[in-house]
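Grab a coffee and open the viewer: here are a few exercises to work through at your own pace. Try each task before you read its solution.

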Amino acid sequence: MSDKEPLFSAKNRKLISNPLNAQNPITIQVLGICSALAVTAKLEPAIVMSISVMFVLVFANVIISLLRNTIPARIRIIVQLVVVAALVILVDQILKAFAYEVSKQLSVFVGLIITNCIIMGRLEAFALGNRPWQSALDGVGNAAGYGVILIIVAFFRELLGSGTLTLPGLGTLQIIPQIVYDWGYVNNGFMILPPMALITVGIIIWVQRSRNKDLIES
Amino acid sequence: MDKQGNTYTVLYAVVMVVIVAAVLAFVSESLKGIQNKNVEVAKKIDLLKSVGIISDATTAEELYDKHIGENTKVINMSGNEVEGNAFTIDMSKELRKEPKDRNYPLYICKLANGEEKIIIPLRGVGLWGPIWGYISLNEDKNTVFGAIFDHKGETPGLGAEISKEFFQTPFQGKTIFDESGSFTSIAVVKGVDTSSNEHAVDAISGGTITSNGVTDMLKECLSGYEKYLKN
């Protein structure tokens, strides 16, 4: 790669756009499913989780990419883990200090970012072999691909499960009006339970593949 | 130096861990003040909410000083006042002691209309982790004026609903002693009409273990104040 390559060359732009669709970490690679189940009962935690994952993934990618020529091959997973764990603790501490309410809601899930397969996957597959700028873009792209799915799932789960949407800074908004309940509509309590997150992800996978036949595995 | 050799690998690991530890220790130390402040403010918001005073992070301190301030007590199981700072008592540590050795903190809140309410902190276990709350009693030391509950990680939409108003409001007006004056606490129950029952409120369907946790918490925590409240 020449140094004169523009920052947002077609190839670099693809690093961001690919994970949003054809290489989506959740719907195509089926990674990070565990947290997609856990934090998507409401919209706000899903949004904060997405932002936190983006922070961790971008910085972990850049740090590992900067260190990639110095890391001894035998302990590279440990090195990656230490970097990720340190970043996650940073996020947790910062949330506790400056976004206390949100950190209370996310509680253990912030810590669980460490175990998010997407992060280790990107470090191993991309950051170890690419330069920092490309790694940062790859981090943004994959975290966004993860976040988009998380937010879509949370949107439907909260809307159908509680009839509300919870947005950061706006609180809980009642979306389904009272009159609909008066007519006999009932919130689907099953939507709030983890199995419906899986089914919702399944439906997204189905819709995505039926629109883009190339993604269907033979 | 051989980048795959043992010496390099060990040195690399040691240096990396030391750097990471230093960074994290530094961040933790420098944010500790703000974090503790947040916890303190959150506690004040909860305390005020249990007597129906709504505050946020910017007004909690002022309202707390105005309505509660230094008006706190620490008592023992016999109902006598003992030394200590009620605000800093960690209920989770107290509950691990034998009931007679525990320190029981309480807060006396003076409302704008001159009425005094007694606020008692609660702590117990839900399904996934700790639950806690504050219950405020009228001057008769029996009737509940308000109650709030919160939790660390109960199931959203099920057990987590204990932090919602629809669960907390029915506690108002219930009593913790029966007519003959013996301690009954308030139970969270399912399947019966609780509107006429002085000592029960509706449970959350799907949140049975958390609901039972609230029942146990009320019983366990309030029983320590029995002597004090009867005086």
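## Exercise 1: The sheet of chain B

Task: work out the strand order of the open sheet in chain B, and find which strands stand at its edges.

Solution. Keep in mind that this is a predicted model. Start with the order: the open sheet has 6 strands, arranged β2-β1-β3-β4-β5-β6 in chain B, and the pairing is antiparallel. Next, look at the ends of that order. β2 (81-82) and β6 (144-151) of chain B each have a single partner strand, so one side of each is left without a neighbour in the sheet.

## Exercise 2: Strand β5 and its two partners

Task: describe how strand β5 (residues 130-137) of chain B is joined to β6(B), and how it pairs with β4(B).

Solution. Step one is the β6 side. Here 7 bridges connect β5(B) to β6(B), and the two run antiparallel. Two residue pairs let you check this by eye: B:L137 has B:V144 as its bridge partner, while B:I131 stands opposite B:H151 in β6(B). The hairpin of these two strands has 6 residues between them, and B:K141 takes a positive phi near 55° there.

Step two is the β4 side. β4(B) and β5(B) are antiparallel too, pairing over 8 bridges. One of the partnerships is that of B:P121 with B:Y134 in β5(B). This hairpin has 4 residues between its strands.

Step three asks about burial. A residue is buried if 20 or more other C-beta atoms lie within 10 Å of its own. In β5(B), 7 of the 8 residues are buried, so the strand is largely enclosed by the rest of the structure.

## Exercise 3: Helix α1 of chain B

Task: follow helix α1 (residues 6-49) of chain B from end to end, and locate its kink and its buried residues.

Solution. First, the span: the 44 residues of α1(B) reach 60 Å from first C-alpha to last, close to the 64 Å expected at 1.5 Å a residue. Second, the kink: α1(B) bends by about 50°, centred on B:K32. Third, the burial: the buried residues are B:N38, B:K44, B:I45, B:L47, B:L48 and B:K49.

For comparison, turn to helix α3 (residues 43-67) of chain A. Its 25 residues reach 36 Å, close to the 36 Å expected. α3(A) is mostly covered, with 18 of those 25 residues buried.

## Exercise 4: A glycine in a loop

Task: is B:G159 buried or exposed, and which residues does it touch?

Solution. Begin with the place: B:G159 sits in the loop between β6 and α4 (165-168) of chain B. Then count neighbours. B:G159 has 24 other C-beta atoms within 10 Å, so it is buried. Leaving aside residues up to four places away in sequence, its contacts are B:G126, B:L127, B:H151, B:E154, B:I204, B:G207, B:I209 and B:T210.

## Exercise 5: Confidence in chain A

Task: find which elements of chain A have the lowest and the highest mean pLDDT.

Solution. Take the whole chain to begin with: the mean pLDDT of chain A is 87, and 98% of its residues reach 70 or more. Then go through the elements. Helix α5 (residues 100-106) of chain A has the lowest mean, 77, and helix α8 (residues 132-162) of chain A has the highest, 92.

How values were computed: Residues numbered from 1 in each chain as written. Chains lettered and ligands numbered in written order. Predicted model: local features only at pLDDT ≥ 70, side-chain atom pairs only at ≥ 80, totals over all residues. pLDDT = per-residue confidence, 0-100. Expected span 1.5 Å × (residues − 1). Bend = angle between axes of the 7 residues up to and from the residue. Buried ≥ 20, exposed ≤ 12 C-beta atoms within 10 Å, placed from the backbone. Pairing = 2+ DSSP bridges. Contact = placed C-beta atoms within 7 Å.
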